[in-house]
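Hi everyone, thanks for coming. I'd like to walk you through one structure today, so please have a look at it with me.

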Amino acid sequence: MTQDERRRQLVGIGLRMLVERPIQELSVDEVAREAGISRGLLFHYFPNKTAFHDAVVAAAVRRVLRNTAPDPGLAPREAVAQFAARYYGQVDRRRGSYLALVFGSGPVGLGGEHVEDLRTAVAERVLALLGLERDALPVAHGWTAYVEDRALRWSAAPAGERTASLEDEAAHCVRALDALLAVR
């Protein structure tokens with residue numbers, strides 16, 4: 001494998017493991033073993049465990065952004081509603097790893113800047129979808145946190161016991177964004 005291919009393989013293994021455990025519990029020994037390499041060789045591709053974890057978190061953030069992107073060509077409000085529904089779906093499918101990623105109890109800063117990058121990227125996506133100027137970024141950023149919290153609470157309930165459908169939740173999120181934008 002080329003160096004880039006091996007790095008992608010190792011990060012991919014880390015991503016699969018991240019679904020089952022918090023980033024701070026991701027063992028480089030297990031990753032190396034699954035890749036069929038030594039621990040020392042893993043550190044040829046990543047200078048230390050923190051750099052490896054950082055690469056895995058960055059890949060997780062890119063995955064969330066890719067999986068929640070609305071289809072091109074939708075009307076602005078429809079695109080925001082589709083984003084919200086996909087975000088809920090992402091959180092629902094990967095609730096444990098999402099909680100570990102965002103609220104993990106690892107070393108200070110582990111994943112933190114990437115999580116902030118995720119929230120900022122989502123807020124900037126909302127601005128672009130709605131054709132808003134940069135001065136609306138704080139509103140979109142706050143809305144992002146609101147959607148994240150609602151999605152986490154919604155996904156905590158068993159599917160048969162949820163008080164609102166995914167479509168109703170997405171519509172609520174769009175109305176909440178409209179209300180926030182109206183008072184800025």
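Let's begin with the fold: how many helices and how many strands does the protein chain have? There are nine helices and zero strands. What you are looking at is a predicted model, by the way. Going along the sequence, the pattern reads α-α-α-α-α-α-α-α-α.

A few overall values next. Along the principal axes, the C-alpha atoms fill a box of roughly 55 × 40 × 30 Å. Of the 184 residues in the protein chain, 43% are buried. If we take contacts with a separation of 6 or more, 65% of them are between residues 24 or more positions apart. The accessible surface is about 9,500 Å², and carbon and sulfur atoms hold 52% of that. As for charge, the chain has 24 positive and 24 negative charges, and their mean positions are 4 Å apart.

Now let's go inside. Which residues have the most contacts within the largest nonpolar core? They are L10, L42, F46, F52, Y87 and W143, in a core of 55 residues. Helix α4, residues 49–68, gives the largest share of this core, with nine residues. L10 is a nice one to click on: apart from neighbours within four places in sequence, L10 contacts V31, A35, I37, L42, Y45, F46 and F52. Three of those names may sound familiar, as L42, F46 and F52 are also among the residues with the most contacts inside the core.

Two polar residues deserve a stop as well. T144 sits in helix α8, residues 137–156. Is T144 buried or exposed? It counts as buried, because its relative accessibility is 3%, and the cut-off for buried is under 20%. Beyond its sequence neighbours up to four places away, T144 touches R119, V122 and A123.

The other polar residue is Q82, in helix α5, residues 76–93. Q82 has 18% relative accessibility, so it counts as buried too. Leaving out neighbours within four places, Q82 is in contact with P70, D71 and L74. Q82 and V174 are 92 residues apart in sequence, yet their C-alpha atoms are 9.7 Å apart in space.

That brings us to the charged pairs. Side chains of opposite charge can pair when their charged atoms come close. In the whole structure, the search finds 10 salt bridges, and I'll show you three.

D71, which we just met as a contact of Q82, forms a salt bridge with R86, with the closest N and O atoms 3.0 Å apart. D71 is in the loop between α4 and α5, while R86 is in helix α5, 15 residues apart. Both partners are partly exposed, D71 at 36% relative accessibility and R86 at 27%.

The second pair is D135 with R184, where the closest N and O atoms are 3.4 Å apart. Why does this pair tie together parts that are 49 residues apart in sequence? Because D135 lies in the loop between α7 and α8, and R184 in the segment after α9. D135 counts as exposed at 57% relative accessibility, and R184 counts as exposed at 51%.

The last pair is D149 and R153, with 2.9 Å from N to O. Both lie in helix α8, four residues apart, about one turn of the helix. D149 is partly exposed at 34% relative accessibility, whereas R153 is exposed, with a relative accessible area of 60%.

That's my tour. Thanks for listening, and I'm happy to go back to any part of it!

Terms used: Residues are numbered from 1 along each chain as its sequence is written. This is a predicted model: local features need pLDDT of at least 70, side-chain atom pairs count only at pLDDT 80 or more; totals for chains, interfaces and linings use all residues. Side-chain values use heavy atoms; hydrogens and water are left out. Helices (H or I, at least four residues) and strands (E, at least two) are DSSP runs, numbered from the N terminus. Buried means under 20% relative accessible area, exposed over 50%, partly exposed in between (1.4 Å probe, protein chains only). Contact means heavy atoms within 4.5 Å. Accessible areas come from the Shrake-Rupley method with a 1.4 Å probe; for residues, only the protein chains shown count as cover. Lys and Arg count as positive and Asp and Glu as negative; His and the chain ends are not counted. The place of a charge is taken as NZ of Lys, CZ of Arg, CG of Asp or CD of Glu. A nonpolar core is a set of buried Ala, Val, Leu, Ile, Met, Phe, Trp, Tyr and Cys residues joined through side-chain atoms within 4.5 Å. A salt bridge is a side-chain nitrogen of Lys or Arg within 4 Å of a carboxyl oxygen of Asp or Glu.
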